[in-house]
Amino acid sequence: MNEYEILLMLDPELAEERQTEIVTRTHELVEKGGGSWLSHDVWGRRRLAYEIDHKSDGSYHLLQFDAQPATLDEITRVLKITDGVMRHMATRRVKGGTRAAPPPLPPAEERPRYEREERRPPAQPAEEAPDDAETAEAESAEAEEAVEGYAASTESEASEATPKEEA
C-alpha cells in the first residue's frame, strides 16, 4: 500500500451535491480497490492564477488515502472523464507529513503591487499650450536663422574641402 493524496479542482459553478458525488465516487473506488480512506479536506473556492475554460475560480478538495498503484490508476482514469473536474493531481504523501489548506490571499489592497490585477486606463494626450502668435513667430524666426547658419557653414566647409584646379 502506498500513501497518496489527490488535489481536486472542481468547477465552482457545480452544485454542492455534485461535488459531494464526485468525492464519494472517489472514496468508493479507494475502498473497492482494497485501500483505506484517510481524510477529505475542503479548501473551498480559490482564485486561479489563470483562467481555465473561461473560469477564474475553482473549488478545491484534498483527498488523502492509502491504496495500490492500480487503484490510483483507476481513480485517475475516472477523474479524467468526469464532468465538473477541471484539474486533478495525484501525488505520494510524505510519511508523517500533514497537509493543511494554504491561507487565502489577502484582499487586493494588502497584496504587493505586482500581484494586483490593476488595469491602467490608456494614457490621455498631453494638453497643448494655448497658441500664442508672438511665441510662434519668434520660434519660427529662430528656426530659420539656425537653418541659414547651418547652410552657410556647410557651404564654406564644402568649398574648403574640394581642391581647386589650377589652369
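Which residues gather in a patch of negative charge on the surface? Before I answer, please keep in mind that this is a predicted model, in which local features need pLDDT of at least 70 and side-chain atom pairs count only at pLDDT 80 or more, while totals for chains, interfaces and linings use all residues. Residues are numbered from 1 along each chain as its sequence is written, and side-chain values use heavy atoms, with hydrogens and water left out.

The patch is formed by Glu139, Glu142, Glu144, Glu145 and Glu148; a patch takes residues with over 30% relative accessible area and no salt bridge (a side-chain nitrogen of Lys or Arg within 4 Å of a carboxyl oxygen of Asp or Glu), and like charges are joined within 9 Å. One of these residues, Glu144, lies in helix H3, which covers residues 133–161.

Stepping back, the protein chain has 3 helices and 4 strands, where helices are DSSP runs (H or I) of at least four residues and strands (E) of at least two, and along the sequence they follow the pattern β-α-β-β-α-β-α. Of the 167 residues, 28% are buried, meaning under 20% relative accessible area with a 1.4 Å probe, whereas exposed means over 50%.

Finally, let us look at the loop between strand S2 (36–52) and strand S3 (55–67), where Asp53 is found and where His54 lies as well. Asp53 has a phi near 55 degrees, a positive value in a residue other than glycine, and His54, also not a glycine, has a positive phi of about 65 degrees. Asp53 counts as exposed because its relative accessibility is 59%, and His54 is exposed with a relative accessible area of 75%.

Notes. Patch = residues over 30% accessible without salt bridge, like charges linked within 9 Å, V, L, I, M, F, W, Y side chains within 5 Å. Areas by Shrake-Rupley, 256 points an atom, 1.4 Å probe, with all protein chains shown as cover. Lys, Arg positive; Asp, Glu negative; His and termini not counted. Charge placed at Lys NZ, Arg CZ, Asp CG, Glu CD.
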